[in-house]
Amino acid sequence: MIQTITGKRDFIESLRGKRASFLLCMSNTATANIEGITQAGIPGLLHLTPTLDAEFITIGEVRSLGSIAETPKGVPTPALITRAVHLLHPFREIELLNLGLEIAPSVEHFTLHDFGIAPSGSIEQGACIPAEEVFEKGVQFAQELSIAGDYIILGESVPAGTTTALAMALALGYDAREKFSSSFKNTPDDIKARVIDHALFHVNESDELFDILSKVGDNMVIFNAGLLLGLQNRDIPIVLAGGTQMACVLLVINRILQMMEGELDSSKIALCTTKWVAEDISSDIKGLLEMNDFSINAYYADFDFSLTDHPAPKLYDEGEAKEGVGAGGALVYALLNGITKEQITRKVESFLG
């Protein structure tokens with residue numbers, strides 16, 4: 001079952017039975033190295049999380065480390081969900097976007113787009129991103145992109161990405177402090193607040209939009225803002241597969257449009273996330289989406305792990321992890337193509353042994 005967060009059902013119903021091309025955007029931010037800020041991966045090796053996620057969803061194994069990324073509490077990466085969906089009803093293609101990785105995934109026969117973008121610094125010290133250049137690379141990629149699918153599902157893997165997304169939203173003037181989710185069940189608010197306060201200290205009143213993003217942003221959000229705006233002239237529906245980080249992409253676009261006095265045709269864009277994000281009492285994705293000057297269709301997959309006895313995926317139902325690696329968009333894609341909750345659950349269990 002697919003539930004509506006904002007907008008109408010028409011957009012998502014128009015995709016029923018269609019095949020999607022899945023794009024995974026991967027980047028590293030040194031913000032993830034701050035102790036206790038994220039649990040999106042293995043402590044000390046968080047920079048490998050996007051690399052391992054990409055390897056697993058494409059080839060079903062990890063080559064850059066001995067095992068798939070999981071948190072210290074044993075929460076497995078949401079890449080398991082996306083891979084399960086791909087095996088049950090394959091995406092037309094999977095393409096990988098290197099938006100600043102320390103180590104690129106070790107895969108062959110899959111398209112890996114490299115844009116010459118460096119990993120970003122920690123927002124505590126100023127992220128030092130060439131934001132306008134990264135944005136323009138997104139615009140250019142949109143114009144060159146060739147896909148075989150009927151539409152695009154755009155996922156992300158960025159450890160500490162919810163922290164940088166919140167910092168961006170606050171720096172751009174949105175009242176969003178209580179609206180962003182976390183990879184933790186109990187958000188490390190003290191650590192996040194300290195890091196974000198340090199980040200915002202670098203922002204000056206005289207800073208223009210891209211100056212702000214260069215100091216407190218991450219590559220994924222900035223690039224995808226350019227990608228979505230660049231796709232405006234192309235008749236390609238696009239699903240932002242993610243939670244509050246993908247909502248931040250839209251908040252950045254909103255500010256860019258205000259600066260340029262432009263408009264967005266949002267009829268070809270939707271956000272799809274998980275039930276764990278949609279029902280998260282510590283965040284408010286609907287509230288974030290409603291901060292934009294444009295309306296957006298948003299949905300979530302009514303999927304949980306109530307059918308499993310395996311302790312690892314049950315941690316999702318307890319509030320850990322929640323989203324990532326396009327899991328929400330993948331689950332919606334599965335439901336649109338007749339894949340059942342039980343099929344997805346059993347496939348995920350098969351990865352866990």
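Biologist: Which are the buried residues of α7?
Modeller: Welcome to this predicted model! Helix α7 covers residues 209-216, and seven of those eight residues are buried, so the rest of the structure largely encloses this helix. The buried ones are Leu209, Phe210, Ile212, Leu213, Ser214, Lys215 and Val216.

Biologist: And how many residues of helix α5 are buried?
Modeller: Helix α5 spans residues 161-171 and is mostly covered. Its buried residues include Gly161, Thr162, Met168 and Ala171. The count for α5 is 11 of 11.

Biologist: Which residue with a positive phi follows α5?
Modeller: Look just past the helix for a backbone angle phi near 95°. The residue with this positive value, following α5, is Gly173.

Biologist: Let's turn to strands. Which residues of β8 are buried on one side and which on the other?
Modeller: Strand β8 is mostly covered, with five of its five residues buried. Both of its faces are covered. One side carries Asn297, Tyr299 and Ala301, and the other carries Ala298 and Tyr300.

Biologist: Which residue of β8 is the bridge partner of Thr4?
Modeller: Strand β1, residues 2-6, runs antiparallel to β8 and is joined to it by four bridges. In β8, the partner of Thr4 is Tyr299.

Biologist: Which residue stands opposite Cys272 in β8?
Modeller: Here the joined strand is β7, residues 269-274, which runs parallel to β8 with five bridges between them. Opposite Cys272, in β8, stands Tyr299.

Biologist: Now for charges: how many salt bridges does the count come to?
Modeller: Side chains of opposite charge can pair when their charged atoms come close. Counted with a cut-off of 4 Å between a side-chain nitrogen of Lys or Arg and a carboxyl oxygen of Asp or Glu, the number of salt bridges is 13.

Biologist: How many residues apart are Asp302 and Lys275?
Modeller: The side chains of Asp302 and Lys275 form a salt bridge, at 3.1 Å from N to O. This pair links distant parts of the chain, with Asp302 in the loop between β8 and α12 and Lys275 in helix α10; their separation is 27 residues.

Biologist: Is Lys275 buried or exposed?
Modeller: Buried means under 20% relative accessible area. Lys275 has a relative accessible area of 17%, so Lys275 is buried.

Biologist: How many residues apart in sequence are the parts that Asp304 and Lys341 tie together?
Modeller: The side chains of Asp304 and Lys341 meet in a salt bridge of 2.7 Å, N to O. Asp304 sits in the loop between β8 and α12, and Lys341 in helix α14, so the parts this pair ties together are apart in sequence by 37 residues.

Biologist: Which of the residues Glu349 and Arg346 has a relative accessible area of 35%?
Modeller: The side chains of these two form a salt bridge at 3.1 Å, N to O. They are three residues apart in helix α14, so about one helical turn separates them. Glu349 counts as partly exposed at 21% relative accessibility, and the partly exposed residue with 35% is Arg346.

Biologist: Which residues are joined into one network?
Modeller: The joining is done by salt bridges that share partners. The residues in this network are Lys275, Asp302, Asp304 and Lys341.

Notes
Residues numbered from 1 in each chain as written. Predicted model: local features only at pLDDT ≥ 70, side-chain atom pairs only at ≥ 80, totals over all residues. Heavy atoms only, no water. Buried < 20%, exposed > 50% of the residue type's maximum accessible area, 1.4 Å probe, protein only. Helix = DSSP H or I, 4+ residues; strand = E, 2+ residues; numbered from the N terminus. Pairing = 2+ DSSP bridges.
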